[in-house]
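Work through the following exercises with the sequence and the model open side by side. Each task is followed by a solution in steps.

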Amino acid sequence: MLGFPHVDVGLPPSEPAIHPGEQGDTQEFHFMVDDMTDFIGEMTKRGRVCRCVSQQRWGSLTTLELPSGATVGVNEPKHPRPQNPG
């Protein structure tokens, strides 16, 4: 979307989320998926752990555990998504 060079490693699209906090400094990074159930099923087949899905006003949210033990958010948004220009 920004025109930066990239390598497609098969991960879903992502978006930064900037939410107001007490100091206005809360940032999160989430991958976006079209179907949360399908995504969790595919990750389970690959031996990856997804935490329980929570319903937010803007969509469904889970946390995916990465091989390093770190986690990243994954959401199925209810809001319109930008179209891939390519």
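A salt bridge is a side-chain nitrogen of Lys or Arg within 4 Å of a carboxyl oxygen of Asp or Glu. The model used here is predicted.

**Exercise 1. Salt bridges**

Find how many salt bridges the whole structure holds, and describe the one between Arg51 and Glu65 and the one between Glu42 and Arg46.

Solution.

Step 1. Searching the whole structure gives two salt bridges.

Step 2. In one of them, the side chains of Arg51 and Glu65 meet at 3.9 Å, N to O. This pair links distant parts of the chain: Arg51 sits in the loop between α1 and β3 (54–56), Glu65 sits in strand β4, and the two are 14 residues apart.

Step 3. Check the exposure of each partner. Arg51 has 45% relative accessibility and counts as partly exposed. Glu65, at a relative accessible area of 27%, is partly exposed.

Step 4. The side chains of Glu42 and Arg46 form a salt bridge at 3.0 Å, N to O. Glu42 is partly exposed at 31% relative accessible area, whereas Arg46 is exposed at 56%.

**Exercise 2. Overall layout**

State the order of helix and strands along the protein chain, then give the share of residues that count as buried.

Solution.

Step 1. Count the elements: the protein chain has one helix and five strands.

Step 2. Put them in sequence order, which gives β-β-α-β-β-β.

Step 3. Of the 86 residues of the chain, 21% count as buried. The chain exposes about 6700 Å², and carbon and sulfur atoms supply 54% of that area.

Step 4. Take the contacts between residues at least 6 apart in sequence: 30% of them join residues at least 24 apart.

**Exercise 3. The two faces of the helix**

Which residues of helix α1 are buried, and why do they line one face of the helix?

Solution.

Step 1. Helix α1 covers residues 36–45, and its buried residues are Met36, Phe39 and Met43.

Step 2. Viewed down the axis of α1, these buried residues fall within an arc of 65°, so they line one face of the helix.

Step 3. The spacing fits a general rule: an α-helix has 3.6 residues a turn, so residues three or four places apart point the same way.

Step 4. Turn to the face of α1 that points away from the buried side. Thr37, Asp38, Thr44 and Lys45 are the exposed residues there.

Step 5. Find the cover. Strands β4 (59–65) and β5 (71–77) are among what covers the buried residues of α1.

Step 6. Inspect the two ends. At the start of α1, a side-chain oxygen of Asp35 comes to within 3.0 Å of the backbone nitrogen of Thr37. Just after α1, Gly47 has a positive phi of about 80°.

**Exercise 4. The largest nonpolar core**

Which residues make up the largest nonpolar core, and which element gives the most to it?

Solution.

Step 1. The largest nonpolar core has eight residues in all: Phe31, Val33, Met36, Phe39, Met43, Leu64, Val72 and Val74.

Step 2. Assign them to elements: α1 and β5 are the elements that give two or more residues to this core. Helix α1 gives the most, with three residues.

Step 3. Set this beside a general tendency: in soluble globular proteins, nonpolar side chains tend to be buried together.

**Exercise 5. Three residues in strands and loop**

For Ser60, Asn75 and Ala70, decide whether each is buried or partly exposed, and list contacts where they can be found.

Solution.

Step 1. Ser60 lies in strand β4. Its relative accessible area is 12%, and because buried means under 20%, Ser60 is buried.

Step 2. The side chains of Ser60 and Gln55 are joined by a polar contact of 2.9 Å. Setting aside neighbours within four places in sequence, Ser60 is in contact with Met36, Val53, Ser54, Gln55, Val74, Asn75 and Glu76.

Step 3. Asn75 belongs to strand β5 and is buried, at 0% relative accessibility. The side chain of Asn75 makes a polar contact of 3.2 Å with the side chain of His30.

Step 4. Ala70 is in the loop between β4 and β5. Ala70 is partly exposed, with a relative accessible area of 37%. Leaving out neighbours within four places in sequence, Ala70 is in contact with Leu64 and Glu65.

Methods. Residues numbered from 1 in each chain as written. Predicted model: local features only at pLDDT ≥ 70, side-chain atom pairs only at ≥ 80, totals over all residues. Heavy atoms only, no water. Helix = DSSP H or I, 4+ residues; strand = E, 2+ residues; numbered from the N terminus. Buried < 20%, exposed > 50% of the residue type's maximum accessible area, 1.4 Å probe, protein only. Contact = heavy atoms within 4.5 Å. Areas by Shrake-Rupley, 256 points an atom, 1.4 Å probe, with all protein chains shown as cover. Arc of directions from axis to C-beta. Polar contact = N/O pair within 3.5 Å; in protein donor to acceptor, adjacent residues only side chain to side chain. Core = buried A, V, L, I, M, F, W, Y, C linked by side-chain atoms within 4.5 Å.
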